[in-house]
Amino acid sequence: MSQPGEEKPQTALPELTAPTSGAEVRHLLAGLEAQLEKEKGLRAWLRSRPTSVRFALALCVVGAVLALEIARSQRVTEVLQNWSILAGQTLLVVSGVSLYLRSGVLVSRSRLLFSGLLLLAAPFWVSLLVGRLGNSGHFEALASGLGCFAHGVFYSAPLALMLLLLDRHDRPASESLILRGAIIGVVGNLALIWHCPSTDLLHLFSGHAGLGVGWVLGWLLWRRVGQIHG
Amino acid sequence: MRSDEELMAAYVGGSAVAFRELFERHAPSLLRSMKRDLRAQEEAGDLVQQCFLQLHRARLDFDPTQRLRPWLFTIALNLKREHFRRVKRRPETSLEGIHEPHEAERGALRFEAAQALARALDQVSKQQREVIELHWFDELSFHEIAEVVGATLSAVKVRAHRGYAKIREILADLELGPGLSIPVVPDPEAPRNSELLADVEGKTP
């Protein structure tokens with residue numbers, strides 16, 4: 001609809017705006033209705049909720065994961081001394097989830113930029129501690145890092161499932177998968193802060209900071225496998 | 001006739017008939033838009049279906065005080081962009097399957113014009129092309145286009161002005177046909193420049 005005073009363009013060459021046949025449109029509608037018939041179950045229900053509800057649901061899972069880890073933690077007082085790091089990472093998660101669930105033309109580039117920020121958050125936090133860190137350089141530190149990595153994956157898996165279920169796209173773009181992995185990585189790191197007292201640099205980089213990268217690579221691989229088999 | 005927004009409200013309320021009416025109203029223009037840019041015509045149909053599937057999933061996000069058409073074209077544009085990112089190429093105007101029925105009746109001259117215009121569209125920037133397609137072919141207003149592409153009204157007008165100017169330059173020697181010409185969009189920056197010029201001239205002793 002033109003605004004007052006706005007001139008409508010003249011019709012372009014019909015060769016470039018050729019009418020589509022009614023039969024073609026009806027055929028597409030039949031195909032679409034068949035797809036809509038399959039829109040049933042938990043995933044269909046979750047992803048058709050309003051964005052504000054999807055946002056709240058994702059944050060509930062984040063809260064539940066962290067609450068569980070805090071309840072199990074033996075070092076609450078110690079961790080709370082680093083409240084600024086906790087607050088900063090929580091803010092990143094909230095903003096990341098909001099960006100992940102939003103759609104729009106300008107979103108894809110923002111998603112990539114924000115993913116970079118999220119992926120750097122954990123290494124940055126580790127770097128902040130460098131003065132206080134030891135570096136054993138021992139194989140044991142790497143091995144225990146893998147233990148923490150597995151723990152982080154386990155604790156962030158419910159969020160991974162929830163973000164997957166809330167995604168409205170059947171074929172999500174790479175930016176969306178990268179952001180999804182980066183958010184889950186930060187939440188896993190937040191859980192690990194409560195879980196692990198290690199101050200070994202090798203351990204922190206391999207077991208904690210690498211979690212986001214691991215999730216990103218995991219999602220990209222998951223999509224690739226899906227493309228090959230589907 | 002019920003408006004798009006009334007139909008959408010009815011669909012959110014559970015009316016499948018309203019959804020069908022919306023599809024029949026908008027699918028043809030979306031399909032034309034997709035077909036123009038995609039080489040594989042069956043992919044165009046697939047993207048139109050995806051567009052309405054997204055509309056279905058996001059139906060509870062629809063704000064009845066906003067217009068539906070720009071929202072629908074935003075979804076379509078996102079899907080188209082994602083598609084081109086996936087296949088790692090930029091849109092190219094396709095005349096496949098479109099020009100054949102028209103060629104005989106409209107003559108070789110018109111067909112040549114269409115081909116030349118398609119080639120010209122391939123030479124303007126991606127942003128200018130999006131605006132031109134939405135304005136010239138899909139007949140959206142600049143206000144609607146600004147909503148669709150997520151840019152300011154003046155940025156959209158600048159893109160249209162520059163894009164049309166480039167197409168005009170490329171097609172300078174070509175007659176498009178009776179009653180057809182490339183739209184002229186005034187340069188939104190021009191008044192500001194002339195005001196500045198008048199200001200400077202006024203101060204010149």
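**Questions on a predicted two-chain model**

Q: How many helices and strands make up the secondary structure of chain A?
A: In this predicted model, chain A follows the pattern α-α-α-α-α-α-α-α-α-α along its sequence. The count for chain A is therefore 10 helices and 0 strands.

Q: What share of the residues of chain A count as buried?
A: Burial requires 20 or more other C-beta atoms within 10 Å of a residue's own. Applied to the 230 residues of chain A, this criterion gives a buried share of 33%.

Q: Among contacts in chain A between residues at least 6 apart in sequence, what percentage join residues at least 24 apart?
A: Two residues are in contact if their C-beta atoms lie within 7 Å. Among the chain A contacts that span at least 6 positions, the share joining residues at least 24 apart is 90%.

Q: In which helix of chain B is confidence lowest?
A: The model as a whole scores ipTM 0.81 and pTM 0.79. Chain B averages a pLDDT of 80, and 76% of its residues score at least 70. Within chain B, the highest mean, 94, belongs to helix 1 (residues 4-12). The lowest mean is 56, in helix 9 (residues 190-203) of chain B.

Q: Over which residues of chain B is the pLDDT below 50?
A: Where pLDDT is low, the predicted coordinates should not be read in detail. The stretch in question nevertheless has 11 contacts in the model beyond near neighbours in sequence. It covers residues 97-103 of chain B.

Q: Which element gives the largest share of the side of domain 1 of chain B that touches domain 2 of chain B?
A: The domain assignment divides chain B into domain 1 (1-91) and domain 2 (95-205). Their contact takes 12 residues from domain 1 and 15 residues from domain 2. On the domain 1 side, helix 2 (16-37) and helix 4 of chain B are the elements that give two or more residues. The largest share, 5 residues, comes from helix 4 of chain B.

Q: How many nonpolar, polar and charged residues does the side of domain 1 of chain B that touches domain 2 of chain B have?
A: Gly is counted among the polar residues in this classification. By class, the side of domain 1 of chain B that touches domain 2 has 4 nonpolar, 4 polar and 4 charged residues.

Q: Why do the buried residues of helix 1 of chain B lie on the same side of the helix?
A: The buried residues of helix 1 of chain B include B:Leu7, B:Met8 and B:Tyr11. An α-helix has 3.6 residues a turn, so residues three or four places apart point the same way. Helix 2 and helix 4 of chain B are among the elements that cover the buried residues of helix 1. B:Leu7, B:Met8 and B:Tyr11 share a side of helix 1 because they cover an arc of only 100° around the axis.

Q: Why is helix 7 of chain B largely enclosed by the rest of the structure?
A: Among the buried residues of helix 7 are B:Phe142, B:Ile145 and B:Val149, together with the glutamates B:Glu144 and B:Glu147. The buried residues pack against helix 4 (68-87), helix 6 (126-137) and helix 8 (153-170) of chain B. Helix 7 (residues 142-149) is largely enclosed because its buried residues number 7 of the 8.

Q: Is B:Glu42 buried or exposed?
A: B:Glu42 is found in helix 3 (residues 41-57) of chain B. A residue with 12 or fewer other C-beta atoms within 10 Å counts as exposed. Because B:Glu42 has 8 such atoms within 10 Å, it is exposed.

Q: Which residue in the loop between helix 6 and helix 7 of chain B has a positive phi near 60°?
A: The residue is other than glycine. With 16 C-beta neighbours inside 10 Å, it counts as partly exposed. The residue in this loop is B:Glu139.

Q: Which element gives the largest share of the largest nonpolar core?
A: Of the 49 residues in this core, B:Val48, B:Cys51, B:Leu72, B:Ala76 and B:Ile145 touch the most other members. The core draws at least three residues from each of domain 1 (1-91) and domain 2 (95-205) of chain B. Its largest share, 8 residues, comes from helix 4 of chain B.

Technical notes
Residues are numbered from 1 along each chain as its sequence is written. Chains are lettered from A and ligands numbered from 1 in the order in which they are written. This is a predicted model: local features need pLDDT of at least 70, side-chain atom pairs count only at pLDDT 80 or more; totals for chains, interfaces and linings use all residues. pLDDT is the predictor's confidence in each residue, from 0 to 100. Helices (H or I, at least four residues) and strands (E, at least two) are DSSP runs, numbered from the N terminus. Domain bounds come from an automatic or database domain assignment. The arc is that of the directions from the helix axis to the C-beta atoms. A nonpolar core is a set of buried Ala, Val, Leu, Ile, Met, Phe, Trp, Tyr and Cys residues joined through C-beta atoms within 7 Å.
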